[in-house]
Structures are given as structure tokens and as C-alpha cells.
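Reader: Could we go through this structure together? I would like to start with the sheets and then look at the aromatic rings.

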Amino acid sequence: MKKFLAILLCVLMVATLAACGGNSGGSSGGSSSGSSSSGEASGGSEGGDGGPIIGGTYISPSDGEPATLNPDAISDDFNYAIVQNLFPRLYKLNNAFQAVPDLATSYELSDDALTYTFHLRDNAVWTDGEPVTSEDVLYTFNEIIDKQYAFASVFQFVDSIEAPDDHTVVFKMTDPDGSFLSNVSWYGTFVLPKHVLEGTDWMTNDDFSNNPVTCGPFKFDQWNKGTDVQIVRDDNYWGEHTAYLDRVIYTVISDPSTMYQAWLNGEVDEMPASYIPATDLDGIIADTDNYYTVEQVWPSPWYITFNIKEGPFADPLVREAIMYGVDRQDVSTKATGGYKPANDHFIPDNFETAVNDEAKQADYDVAKAQELLEQAGYTKNADGYYFETTFTVMSGFDDFCKVIADHMEKMGIKVTLDVLDFNIWSEQVMDNYNFEITALGGFQGPDVLGTTRRWTTDGSTNIAQYSNPEVDELAKKAVAAATDEERDGYIKEIQTHLRKDIPMILVVNYADYQPFKNYIKGNNYVSEAEGGSMEHVGFSEMTDVWLDEH
């Protein structure tokens, strides 16, 4: 489970949100030929100003293959972009990080914040023709809770789930949970068909995993193992409108350089920004004849964290020295071309009302860093180093960590970079706590309470294994807070403890400058006012995407 949670929170942005930086090869330039799509467009309304074209195939590359198409059994980032188009949730997160209706049309929260009542659509059907009812919701979520599937923690404060009729679901809570709506709208909470899955084990039900009965804007078509997963428009979709595209193909291209060249050559329609070489990105952004570029800031900062139980970083003075000795602005410039700005706080800057300016990270001061190392009892050896360490690095963070390692060298710490494949890194760092200093990124949402996973004692991505009872108690109070203002107050107080203990150092915010080819319309990265669909679909939901003539 740890490993899959790591995949979720560290790698989620690699394939789709680009949370891990990469430097793939490839020359600059671009092609808008889009041969993968144009030949398959069928009839429909006119393109351009005439409205959406019905038809066409959209090809989306991924650097990995799903383990399953069951969206709730495990935390599988390689299926997330796919399953958002196949299964509903009660509410879903749109691409502006807001919970919006999906299978449910509305909900009410009782005055004591202990009862959520969701009202379901009455026209939703599974692809086998069976209606979707409250029994499917009860079955799905009770199964997640009973079997402790990947995101059972979403329901940690749920006392019972009831279905007074076919289209109403009621959650009775033991305690108020300010994160419940956001979390039930996010990951591992898709509604599944009871009549298909009841009595089976989701982990071993290969029939459903490989050929699922679905209920989304698209339906499953084929899975060519090792090559691609293909979905097609579901003309019985119950939403506002059926999808425009005929087909979406999720093709596996494991090498970033090969993926980039495929995008330039028009063999795929999109490209994670992190796999576009920094040397080429400026030129692509400037090439408005072929591309438009969307900026989006995610609560997914890149940060470093420590083994705080043994080794040199068990001493908080040494961790504080690193905070002073890492020039976050220099990392932004050299590792990201300045596209990802330096972060001054201990939570993502996106959560503006919760950041504590009184508990900011220290400004760069290498002399202060060396002073702290000497206070910790270190003296320089004949080679000018206070001590040596190994920086255990997940593949994809190489350049980011190289700049940080250079800063550490300047302050007098000899650094060896150990770059590992993600699975090996996960086993060594997360499972076995075998490291001294490491780095990662990942989504710290969907709201500010999502940051707690990084530093509460039982947090799923508390890599440092940091434990502070006062922080844990404040986090519990934040979850149960009656108002946003009260919640933000607790989060601000937590930051004073993080500033003192320094279990991690946030280095840069994740700002995504994502180029798209001009023929891609209805983009979920773009606001509705500008012709996109950001406000009512998730980041990889394809319902509103259509392909203009090109």
C-alpha cells in the first residue's frame, strides 16, 4: 500500500500533471499536422467558429501501463487519466480544484456537520443497460471501508451510509470532516456496479479489471497489453452532452525522448510539459502559429526531506543549516528555467489563506548555514568538508537535486547523488527508511488539509517519519474545524512547529506551462470563458475535447 500511495503522490503529475521534472532529448520545433487525429474525424458540425466537430481520435501518451482498470482497488496513477472517463463519482474535482456535481446533482450538510445527503441523477445507466442507483454507491463505499482498499481513509469519520431510496445517499459522520467533500471527489472514490462486482475480490477480479462495465462519457473498448488502452464515446452517457471524440487511445511510450519526438511528429496529440526539454520550451511557447500554452499552478511543490532518526540530519541544527544553505531561487532558475518559482513557506503557496508569513523558510545565507553546522559540532576536514552524505534521488528529479547538491557542496557538505528507478527508490526510501536525504513532489491537495499527509505521524507520505504530538492534535482540530478561517488558523499554527523542527524544505512551487497544439479545443486546462472546460471537468476528462480541422 505504501508503494501505491507513493505512486499517487509522487508520480501523479509525471504523466498528466508533470509533477516530476525531466530532461529529455530532442530538437526544437513542432508540427501541427496531427495525422493521428485528422484522418479519423467523422461528420458533425463545422470546426473553428462553427462549433465542435463530432468525431476523431485523440492519442495521449503515458510512460507506464495501468495495473488495473478498477479505479478504486489500488492507487494506480497510470489508470487515473483513463478511469476519469469511464466511471462517475458523487462529486468530482474540476480542473480548478473545486468539487462539482457528477453522479450526484446536489448535496446538503446538516447544521452540526455530521450528515451529508447526496441526491443522485435518475437517468444514469451502466454500459450493460442496468440503472445506476444508491445501492451501487453503498456497495462501493462499504466495500472500500470493509476491505480497506486504497483510499479507505477518505471514510475515516463515516459512521454509516444509508440509502433511503434509489437516488439518495446519506453519510452519518462520527466527527465533522472538513475534507470529506473534496476527498470523496478525488481519488479512489469512483462508483462501481454492485450487480457486476458483488461477491468478488477487486484485487483478483481480472474480468472486470480487463473489461469493465462502466458509466461515463466513454466506455471501454480494448486493452492491448504493453501497448495501449482504448476507449470510445458512450452514446448513452447521462451527462450534459455526449463526448465529441470517437475514440481516445492511451499509448505507452516509456522513454521521454521518444515521447517528445512522437509529439513533434504528430504521432500523439499531447505531451507532458515535464518531458519537453527546457531548451526547447521557450521556442514552443513563442510558436503561436502551432501551439497555445496554458499556465496552471498546482499544490504540488518539489521538496527535500530527511532521515530524522539517525545520521547527520537527525540533528535539527543540520536541517536548519540546509534550509539556509539551499538557494531556492537559484534552484528555480537553474533546474526549471524559472518556470517553477521558489517557495518560501512550509505548505504550497496555492493555499493563500493558510500560509503563515510569520513562519516562513529562511532566506539563503551560506555563512549562517556553516555557523549552524559548527554549532552542531562539525569541523571541516582537510578537503574542506564538514561531512559526507548520499542524496538518494528518484529518477526524474536528477537536475533539481543536482543544483541542491551543488549548494550543499558550497556550504561544506560532500554529496553523492544516488539516482534510482522509482520502484527501487520507493522500496529503499518509503518501505525501508534507508536514506539520509531525498526529494520528491506530488499533489498536496485537494484542499489544504491534503498537506497533512506529509507531516502527521500517520500521514501516508510522511517520508521523514516526523512525529510531533502537538502537530497531530492541531491537524485533527483543522479537519474538524467548523469554518475555513478556523481551519486555516490551525494550519498556520502547525507551520510554526514545522519551522522549528524542519522535517522538510519546500523548494519550488509547481507551475505547469503546458503547450497544446492549436487544433485541440474544449481543453480542460482552459477556462470556459476562453473556450475550454476547466470549471466542469477534471484535468484528464475528455468529454469536452474536440479536434479542429488541421
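Author: Certainly. This is a predicted model. One open sheet is formed by four strands in the order 4-5-7-6, with antiparallel pairing.

Reader: Which strands stand at the edges of that sheet?

Author: The edges are taken by strand 4 (104-109) and strand 6 (158-165). Each has a single partner strand, so one side of each is left without a neighbour in the sheet. From one strand to the next, the twist averages 20°.

Reader: What holds strands together in a sheet, in general?

Author: Strands of a sheet pair through backbone hydrogen bonds, and the pairing is either parallel or antiparallel.

Reader: How many bridges join strand 5 to strand 7?

Author: Five bridges join strand 5 (residues 115-120) to strand 7 (residues 168-173), and the two run antiparallel. As an example, Thr 117 has Val 170 in strand 7 as its bridge partner.

Reader: Which strands does helix 4 lie across?

Author: Helix 4 (residues 134-147) lies across strand 5, strand 6 and strand 7. Its direction is at about 165° to strand 6.

Reader: Let us turn to the other sheet. What is the strand order there?

Author: That open sheet has four strands in the order 1-10-9-8, and its pairing is mixed. Strand 1 (57-62) and strand 8 (218-224) are the edge strands, each pairing on one side only. Here the twist averages 20° from one strand to the next.

Reader: Do strand 1 and strand 10 pair in the parallel or the antiparallel sense, and over how many bridges?

Author: Strand 1 pairs with strand 10 (residues 247-252) in the parallel sense, over six bridges. Ser 60 stands opposite Tyr 250 in strand 10.

Reader: Now the rings. How many aromatic pairs are there?

Author: The count comes to 40 aromatic pairs. One of them is formed by Tyr 91 and Phe 118, whose ring centres are 6.0 Å apart. Their planes stand at 70°, so the pair is edge-to-face.

Reader: Where do Tyr 91 and Phe 118 lie?

Author: Tyr 91 is in strand 2 (residues 91-93) and Phe 118 is in strand 5, so the pair ties together parts that are 27 residues apart in sequence.

Reader: Are Tyr 91 and Phe 118 buried or exposed?

Author: Both Tyr 91 and Phe 118 are buried. Another pair is Tyr 116 and Phe 180, with ring centres 4.9 Å apart and planes at 55°, so that pair is tilted. Since Tyr 116 belongs to strand 5 and Phe 180 to helix 5 (residues 180-184), the pair ties together parts 64 residues apart in sequence. Tyr 116 and Phe 180 are both buried.

Reader: Which rings are linked into a cluster?

Author: Ring pairs link a cluster that includes Tyr 80, Phe 97, Phe 151, Trp 186, Tyr 187 and Phe 190. Trp 298 and Phe 539 are also among its members.

Reader: Which charged residues sit over a ring?

Author: Lys 309 has its charged end over the ring of Tyr 433, 5.4 Å from the centre. Lys 368 lies over the face of Tyr 324, at 5.9 Å from the ring centre.

Reader: One last residue: why does Asn 183 count as buried?

Author: Asn 183 is found in helix 5. Its relative accessibility is 16%, and buried means under 20%, so Asn 183 counts as buried. Leaving aside neighbours within four places in sequence, Asn 183 is in contact with Val 154, Thr 189 and Pro 446.

Terms used. Residues are numbered from 1 along each chain as its sequence is written. This is a predicted model: local features need pLDDT of at least 70, side-chain atom pairs count only at pLDDT 80 or more; totals for chains, interfaces and linings use all residues. Side-chain values use heavy atoms; hydrogens and water are left out. Two strands pair if DSSP finds at least two bridges between them. Axes are lines fitted to C-alpha atoms, for helices over the stretch in contact, and angles run from 0 to 180 degrees between N-to-C directions. Contact means heavy atoms within 4.5 Å. Rings of Phe, Tyr and Trp (its six-membered ring) pair if their centres lie within 6.5 Å; planes under 30 degrees apart count as stacked, over 60 as edge-to-face and the rest as tilted. Buried means under 20% relative accessible area, exposed over 50%, partly exposed in between (1.4 Å probe, protein chains only). A charge sits over a ring if NZ of Lys or CZ of Arg is within 6 Å of the ring centre and within 35 degrees of the ring normal.
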